[in-house]
Amino acid sequence: MAKFYSSLNEIKSGLQSGKISVEGLVKNYLKQIKLNAHLNAFNEVFEQEALTRANNIDSRIELGIAGKLAGMVIAIKDNICYKGHKVSASSKILEGFTSIYSSTIVERLLAEDAIIIGRCNCDEFAMGAANETSYFGPVKNYADNTKVSGGSSGGSAVAVQANMCHAAIGTDTGGSVRQPASFCGLIGFKPTYGRISRHGIIAYASSFDQVGPITRSVEDAALLLEVMAGPDDYDSTLAQKTVSSFSKELKQPGKKNIAYLQESLSSPGVDTEVKNALIKYIDKLRADGHTVKPIAFDYLDYLVPAYYILAMAEASSNLARYDGVHYGYRSPAAIDLQSTYKRSRSEGFGKEVKRRIMLGTFVLSAGYYDAYYAKAQKARRLIREKTENILKEYDFILTPTAPEPAFAIGKEEKDPVVMYLSDIFTVQASLAGAPAISLPAGNNSKGLPLGLQLLAGQFEEQELLNFSKYFLEL
Ligand code: GLN
């Protein structure tokens, strides 16, 4: 593999010394993309455009007028709108659809001279944890091609893992940035709900959806966060808080109080090598003077059900707009309005998406609403309060990111419940609207990457990033 750079700073010093050019970088990534086409990480590569922009940015660097992200070549998940480019959410139902405007995050990234090299494969409408629900087929893990990439931002993670770009942007509703990052040995960061604009992101579950970076360094995660975050007139759920220069303010953290979920170590559902990685870090943290204590989370068993009821309810409503009239695919067999709706949706959506729309409409329907949707809302509030209470006493909650490392392609696809349960550790932050990061924690005996997650209080991204940088140096 061509040399990869662990951070944009490293690239920038190469650019300054004239050893490399942005054009050269883009050419290398394009070469890697071709060499690794079998991984299925990209739905489309913006080859010519990336090269043209690279040239342009090289001149801007020479003139000293380049933006903060000059030299940063990124890929975006294919549920992020980029004006004039196709966007599919890896679904047949968006076949042929072109974005008519750019998402706020794309505008902000481009304004700082990032280069977008392509759009990445993902689970259909971001529904999944293995990238196996994509209409375009699964993404293969670069560490072992028989294993899944994780999901739903699987293509984004593998694109970085196999050095097909420097960093990638994914979305995380219940773990979709963190879990694939952990399966690919990378950093996956989900900020606080309300940090980054959702304008121009294809909605899955609007009260959970957050954009997040997948990177090789904490510095890059911090930099991408500061560029993308902050108020936006197009998203009223955004916090009005000012955004600090997260990357410049990275500093050594003091001694911390850390809680870890005791079930991470006691549950038979967690892989032994994952447990060992957690134990190793708990020991290292203690040896370095931090307090690390086990805690019980009373609502552990409610995390996955509450998340899935709410996410499916929101999804069923968000996906009502794909009706064969407004967007993309229309069934050629449609003869009137009813059959346009029915046939286009039946033929356009995949199995998992249909399952979720059905379950979502079920939990929202009269007679079941109180028993499921309203109850899940109450459970969410309790989960959030409990999480906030823990975070009054502790700075972070440490868990594995996923109960097991990347599994074999096809293994869990047949049983959706098994798949849903694998989100146990990531959905807590999503339900609580809290920031959480997945950090690489070595490989297992088969060479598969493992990841650990740190969860912090709302809007405590700076503390979380500071500690993450230190954690990786432990
Ligand atoms: N695996 C979870 C789901 O299928 C999370 C997906 C996501 O974060 N987009 O809903």
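How do the residues of the shell around the ligand divide into nonpolar, polar and charged? The points below take up that question first, then the cavities.

1. The model is predicted. In it, the shell around the ligand is made up of 6 nonpolar, 6 polar and 3 charged residues. The shell counts 15 residues, and the closest to the ligand are Thr173, Gly174, Ser176, Tyr204 and Tyr307.

2. Two tyrosines place polar side-chain atoms by oxygen atoms of the ligand. For Tyr204 the distance is 2.6 Å, and for Tyr307 it is 2.8 Å. Both Tyr204 and Tyr307 are listed among the closest residues to the ligand. Under the classes used here Tyr counts as nonpolar, so the class counts of the shell do not show these two polar side-chain atoms.

3. A nitrogen atom of the ligand also has a polar side-chain partner: an atom of Ser152 lies 3.4 Å away from this nitrogen. The cut-off for a polar contact is 3.5 Å, so the Ser152 pair falls within it. On its own the ligand exposes 290 Å², of which the protein buries 99%.

4. Where does the ligand sit? Its place is the largest cavity, whose volume is about 90 Å³. This cavity is lined by 15 residues, and those closest to its centre are Gly128, Gly174, Ser176, Tyr307 and Asp423. Gly174, Ser176 and Tyr307 also appear among the residues closest to the ligand.

5. The class make-up of the lining can be set beside that of the shell. The lining of the largest cavity has 6 nonpolar, 7 polar and 2 charged residues, while the shell around the ligand has 6 nonpolar, 6 polar and 3 charged.

6. The structure holds 4 cavities of 30 Å³ or more. The second largest has a volume of about 70 Å³. By class, its lining consists of 8 nonpolar, 3 polar and 1 charged residues. Among the lining residues are Phe183, Val274, Ala277, Pro405 and Leu450, and Glu404 is also part of the lining.

7. Which elements supply at least two residues each to the lining of the second largest cavity? They are helix H6 (178-183), helix H9 (272-287) and strand E11 (449-455). E11 gives the most, with 4 residues. From the stretch covered by E11, the lining includes Pro449, Leu450, Gly451 and Leu452. Ser182 and Phe183 lie in the range of H6, and Val274 and Ala277 in that of H9. The lining also includes Thr401 and Ala402.

Note on methods
Residues numbered from 1 in each chain as written. Predicted model: local features only at pLDDT ≥ 70, side-chain atom pairs only at ≥ 80, totals over all residues. Heavy atoms only, no water. Near = heavy atom within 4 Å. Polar contact = N/O pair within 3.5 Å; in protein donor to acceptor, adjacent residues only side chain to side chain. Areas by Shrake-Rupley, 256 points an atom, 1.4 Å probe, with all protein chains shown as cover. 1 Å grid on protein atoms, 1.4 Å probe; cavity = no way out; pocket = protein on both sides within 12 Å on 5 of 7 lines; lining within 4 Å. Sits in = over half its atoms within 2 Å of the grid points. Points joined across faces, edges and corners; volume = space filled by probe spheres on them.
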